[in-house]
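User: Hi! I'm new to reading protein structures, and I'd like to understand how the labels are earned. Could you walk me through some of them?

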Amino acid sequence: MPTTARTSPRRRLLDTAARLFYAHGIHAVGIDRLIAESGVAKASFYKHFPSKDDLVAAYLDERNEQWSAYIAAELPRRADDALEQALYVFDLLAEDFADPAYRGCPFINAAAEFPSVPVVLQAVARRRRARVDLFSGLLERAGLGEPSDLAAQLCLIYDGAMVAAQLDDAEGPETHSRRARDAAAALIAARRP
């Protein structure tokens, strides 16, 4: 991504981190590479992010915000009914899985790379909470009441599909999102009055 003089150093660091962390893994990308590719001075890096861990957390929070905004815009456009919207979340996975640059879930990957770094794990937890809240809200709107357990189950299916798509690419992206959608639909159907 080309940078301009009007792009803030923080923005350039976040954009560079998003590109490099997702493509190569977080541990594989050092601060020197981030600084060089973003065109930001080392002092500026530390002004915006006291540590690489803080940059990782900011990168994850921004990914979560982008995902939440995308979901909020797409679901009403693609389905009217709240239960159909809950299932459509799994259809959207197929779009991610079909991208040749798909490298799995950035949150699962970050949690695996940083199993004991609180600031990173807190960012991962915020993403997981956002997903549970999304499913809970949709299920509640659909009249399923007390949806927290079902929402957590849907999140397990969602996570499993992302990992399967990363590891089992020979089956094709549509297979994993379809299986996840079918499993979610079966769980929801079992809860309907």
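Analyst: Happy to! Let's begin with E74, which counts as buried at 8% relative accessibility. Keep in mind that this is a predicted model.

User: What makes E74 count as buried?

Analyst: The cut-off for buried is under 20% relative accessible area. E74 has 8% relative accessibility, so E74 is buried. Now try R78: its value is 29%, and partly exposed covers the range between 20% and 50%, so R78 is partly exposed.

User: How do you know that R78 and E74 form a salt bridge?

Analyst: Look at the distance between N and O, which is 2.5 Å for R78 and E74. A salt bridge needs a side-chain nitrogen of Lys or Arg within 4 Å of a carboxyl oxygen of Asp or Glu, so this pair qualifies. In general, side chains of opposite charge can pair when their charged atoms come close.

User: How far apart are R78 and E74 along helix α4?

Analyst: R78 and E74 are 4 residues apart in helix α4, which means that about one helical turn separates them. They also belong to a network of salt bridges that links E74, R77, R78 and E95.

User: Which other salt bridge pairs residues that are about one turn of a helix apart?

Analyst: One of them is E37 with R33; both lie in helix α2, 4 residues apart. Their closest N and O atoms are 2.9 Å apart, and since the limit is 4 Å, this is a salt bridge. E37, at 34%, and R33, at 33%, are each partly exposed. Helix α1 offers another example: D15 and R11 are 4 residues apart there, and their side chains meet at 2.9 Å, N to O. In the whole structure, the search finds 16 salt bridges.

User: Why is the pair of F21 and Y59 called edge-to-face?

Analyst: The structure holds 6 aromatic pairs. In the pair of F21 and Y59, the ring centres are 5.4 Å apart and the planes are at 75°. Rings pair if their centres lie within 6.5 Å, and planes over 60 degrees apart count as edge-to-face, so both tests are passed. F21 lies in helix α1 and Y59 in helix α4, so the pair ties together parts that are 38 residues apart in sequence. Both residues are buried.

User: What makes F45 and Y46 an edge-to-face pair?

Analyst: The same two tests apply. The centres of F45 and Y46 are 5.0 Å apart and their planes are at 80°, so the pair is edge-to-face. F45 is buried, with a relative accessible area of 0%, whereas Y46 is partly exposed at 38%. With F49, F45 and Y46 form one aromatic cluster.

User: How do you know that R63 lies over the face of Y22?

Analyst: R63 is 4.9 Å from the ring centre of Y22 and lies over its face. The distance limit is 6 Å, so 4.9 Å passes that part of the test. R127 lies over the face of W67 in a similar way, at 4.2 Å from the ring centre.

User: Where do Y22, R63 and W67 lie in relation to the largest pocket?

Analyst: They are among the residues that lie nearest its centre, together with D96 and P106. The pocket has a volume of about 630 Å³, and 26 residues line it. This lining divides into 16 nonpolar, 2 polar and 8 charged residues.

Methods:
Residues are numbered from 1 along each chain as its sequence is written. This is a predicted model: local features need pLDDT of at least 70, side-chain atom pairs count only at pLDDT 80 or more; totals for chains, interfaces and linings use all residues. Side-chain values use heavy atoms; hydrogens and water are left out. On a 1 Å grid over the protein atoms alone, a cavity is a set of points where a 1.4 Å probe fits but cannot get out, and a pocket is an open set with protein on both sides within 12 Å along at least five of seven lines; lining residues have an atom within 4 Å of a point. Grid points are joined across faces, edges and corners, and a volume is the space filled by probe spheres set on the points. Ala, Val, Leu, Ile, Met, Phe, Trp, Tyr, Cys and Pro count as nonpolar, Asp, Glu, Lys and Arg as charged, and the others, Gly among them, as polar. Helices (H or I, at least four residues) and strands (E, at least two) are DSSP runs, numbered from the N terminus. Buried means under 20% relative accessible area, exposed over 50%, partly exposed in between (1.4 Å probe, protein chains only). Rings of Phe, Tyr and Trp (its six-membered ring) pair if their centres lie within 6.5 Å; planes under 30 degrees apart count as stacked, over 60 as edge-to-face and the rest as tilted. A charge sits over a ring if NZ of Lys or CZ of Arg is within 6 Å of the ring centre and within 35 degrees of the ring normal.
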